[in-house]
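Thank you all for coming; I would like to walk through one structure with you, going from its helices to its sheet and then to a few single residues. Please keep the view open while I talk.

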Amino acid sequence: MKKILSIILSIMMIMVPLSNVFAIESGKQMVAIGGDLNESQRKTVYDYFGVSEGSVDEVTVTHDDEKQYLQDVDPSRIGSNSISSIYIETQNEGAGLDIELHNINWLTEDIYQNALLTVGIKDAKIVIAAPFEVSGTAALTGVYKAYEQMSGETVSEEAKEAATEELVTTGELSDDIGSEDASQLVNELKLSIDDFKNMDDEQVKEEIKNIADGMNISLTDEQLDQLLDLVRSLENVDFSGVMDELKNISNQFADLGIWDKIVNFFKGLFN
């Protein structure tokens, strides 16, 4: 009986996915610096970080590092040099993500927050900066590299690829429907990821459309196909460790929507 119980427990441990959430003590700091910055540009980004160069550990991010996860991204979005740089300071559990952007002209705090939760990063202050305006698509690579150095753990390739695809997909969607709606929609899809696993592609697309319709968002067939690909990629990620954060984001968006309706109501009265 003991042998049988041991076998059953072993099988259960194999079957239950491990959480991808990082457990790093608070107060740790690191910079992931763009490898193509000159001395003047390095000083500029360190000024944005609010720390002195040499006062924190630093890791370099090269363009080859970035291309590893951005192969399918429009080259005009990522350029040919490694520019975006990252400062990270870990926070106490429950502190959440505090994201600050400088010279990032395409992606928003909401979009980064969603992607960071996908790889299990949920309690940190993160400053993403460049010496001049860039899209910011490469910034996630710096976060991966820095967090792996800080924690001594490896982010799963599935999570890295899914988070990068999420970042780009949400960014492209935001061009058409706005970053807030795009971020909210992708967050809702992540909350429904377990349901999607039991659906075929057509059923998934129908459910994506239903969720979007409920948010008064119209999607093209091309966008539906793109979101289907994202859902299939996100199915490989364990969200159990960040489910509370995803629900909080959903509630925040809902509260914001109610406030917008109140503002619009009074605007209508005024008009």
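Is the crossing of α6 and α7 left-handed or right-handed? Before I answer, a word on provenance: this is a predicted model, in which local features need pLDDT of at least 70 and side-chain atom pairs count only at pLDDT 80 or more, while totals for chains, interfaces and linings use all residues. Residues are numbered from 1 along each chain as its sequence is written, and side-chain values use heavy atoms, with hydrogens and water left out.

The crossing of α6 and α7 is right-handed, and by that I mean that the near helix is turned clockwise from the far one by less than a right angle, whereas anticlockwise would be left-handed. Helices here are DSSP runs of H or I with at least four residues, and strands are runs of E with at least two, numbered from the N terminus. The axes of α6, residues 139-151, and α7, residues 157-177, come within 10 Å and cross at roughly 150°; axes are lines fitted to C-alpha atoms, for helices over the stretch in contact, and angles run from 0 to 180 degrees between N-to-C directions. The two helices, α6 and α7, are therefore roughly antiparallel to each other, given that angles over 145 degrees count as roughly antiparallel, under 35 as roughly parallel, 65 to 115 as roughly perpendicular and the rest as oblique.

Which residues make this contact, where contact means heavy atoms within 4.5 Å? From α6, Leu140, Tyr144 and Glu148 meet Lys160, Ala163, Thr164 and Leu167 of α7. In the contact of α6 with α7, four residues are nonpolar, one is polar and two are charged, with Ala, Val, Leu, Ile, Met, Phe, Trp, Tyr, Cys and Pro taken as nonpolar, Asp, Glu, Lys and Arg as charged, and the others, Gly among them, as polar.

A second helix pair makes a useful companion. The axes of α8, residues 179-191, and α11 come within 10 Å and cross at roughly 45°, and α8 and α11 are therefore oblique to each other. Their crossing, that of α8 and α11, is right-handed. Here Leu185, Val186, Leu189 and Lys190 in α8 meet Leu227, Leu230, Val231 and Leu234 in α11, and the residues of this contact of α8 with α11 comprise seven nonpolar, no polar and one charged.

Let me turn to the sheet. It is an open sheet of five strands in the order β2-β1-β3-β5-β4, with mixed pairing, where two strands pair if DSSP finds at least two bridges between them. At the edges stand β2 (57-61) and β4 (97-104), each with a single partner strand, so one side of each is left without a neighbour in the sheet. On average, neighbouring strands of this sheet are turned by 15° against each other, direction ignored.

How does β1 sit within this arrangement? Strand β1, residues 29-34, runs antiparallel to β3, residues 85-90, with four bridges joining them, and it runs parallel to β2, with five bridges. Val31 stands opposite Tyr87 in β3 and opposite Glu58 in β2, while Ala32 has Ile86 as its bridge partner in β3. Five of the six residues of β1 are buried, meaning under 20% relative accessible area, with exposed being over 50% and partly exposed in between, for a 1.4 Å probe and protein chains only. Helix α6 comes back at this point, for it lies across β1, β2, β3 and β5, running at about 40° to β3.

Finally, some single residues. Val56, in the loop between α2 and β2, is buried, with a relative accessible area of 11%. Not counting residues up to four places away in sequence, Val56 touches Gln29, Val31 and Val51. Gln113 lies in helix α5, residues 109-118, and is buried too, with a relative accessible area of 18%; leaving aside neighbours within four places in sequence, Gln113 is in contact with Leu97, Ile99 and Ile249. By contrast, Asn216, in the loop between α10 (201-214) and α11 (221-234), counts as exposed at 74% relative accessibility. The C-alpha atoms of Asn216 and Asp181 are separated by 9.4 Å, with their positions 35 residues apart along the chain.

Notes:
Contact means heavy atoms within 4.5 Å.
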